[in-house]
Amino acid sequence: MRLVIARCSVDYAGRLTAHLPLAPRLILVKADNSVSIHADDRAYKPLNWMSPPCTLKEATGDGTPVWTVENKAGEKLIITMAEILHDSSHELGVDPGLIKDGVEAHLQELLADRMDTLGEGCTLIRREYPTAIGPVDILGRDAGGGTIAVEIKRRGEIDGVEQLTRYLELLNRDPLLSPVKGVFAAQEIKLQARTLATDRGIRCVTLDYEALRGIDDDKLRLF
């Protein structure tokens, strides 16, 4: 991973355009060539980013370093460096990944096998769908053929809604998947999390773990 702290401006050109004026920022370049720009707030959420597959080209215009990050769709993230304050690279190696809570992992397995719990006609695309910022618990389709991204928690709190929001922002940049709707599924969902999810257009589903586990018995019972 490469860490760069610089006074820079950032322009995003693609399906939409965005501009970040000159300011000190942290730029992360990961081994997969993904690039994200961070401010000293907003916790873990970047100001802007480019997901892989993409290429990074460094050039100098009028003595000013300019980075151009471009994906296969031709969208560009252009970073103009007024001053580089720090530049270092670090080898992190292969990450062992997140080890989920046993109940949470089992909920994902059960729900993937019983997608109709989320609504009649829902089907599975993939469990642990990979993205540049981590795997989406379940990616599926609703009855109308639209893509749904499901975040599963044992206890649904605000941080889970924020996590799903980041996945949705990323997935909706993929023209093969968008528009992607969010589903926040948990055994218990806190009021604050439900309110935030509803405000962001994310559907909340309360899961009954024991009922999900018992469905198999009903299917196999002859009498």
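**Close-up views of two sheets in a predicted model**

**View 1. Ile-27 meets its partner in β3.** In this predicted model, Ile-27 has Ile-37 of β3 as its bridge partner. The strands shown are β2, residues 17-29, and β3, residues 35-38, which pair in the antiparallel sense over 4 bridges.

**View 2. The sheet of 7 strands.** Step back a little and you can follow an open sheet in the order β4-β3-β2-β1-β7-β6-β5, with antiparallel pairing. Look for β4 (48-50) and β5 (54-61) at the edges: each has a single partner strand, so one side of each is left without a neighbour in the sheet. On average, and with direction ignored, neighbouring strands here are turned by 35 degrees against each other.

**View 3. The sheet of 5 strands.** Here is another open sheet, with the order β8-β9-β10-β11-β12 and mixed pairing. Its edges are β8 (123-129) and β12 (203-206); because each has a single partner strand, one side of each has no neighbour in the sheet. From one strand to the next, the twist averages 30 degrees.

**View 4. Arg-127 across from β9.** Now for a look at β8 beside β9, residues 136-141: the two strands pair in the antiparallel sense over 5 bridges. Find Arg-127, and opposite this residue you will see Ile-138 in β9.

**View 5. Helix α3 on the sheet.** Which strands does helix α3 touch as it packs on the sheet? Helix α3, residues 191-199, touches β10 (147-156), β11 (180-189) and β12. The direction of α3 makes about 170 degrees with that of β11.

How values were computed
Residues numbered from 1 in each chain as written. Predicted model: local features only at pLDDT ≥ 70, side-chain atom pairs only at ≥ 80, totals over all residues. Heavy atoms only, no water. Pairing = 2+ DSSP bridges. Axes fitted to C-alpha atoms, helices over the stretch in contact; angles between N-to-C directions. Contact = heavy atoms within 4.5 Å.
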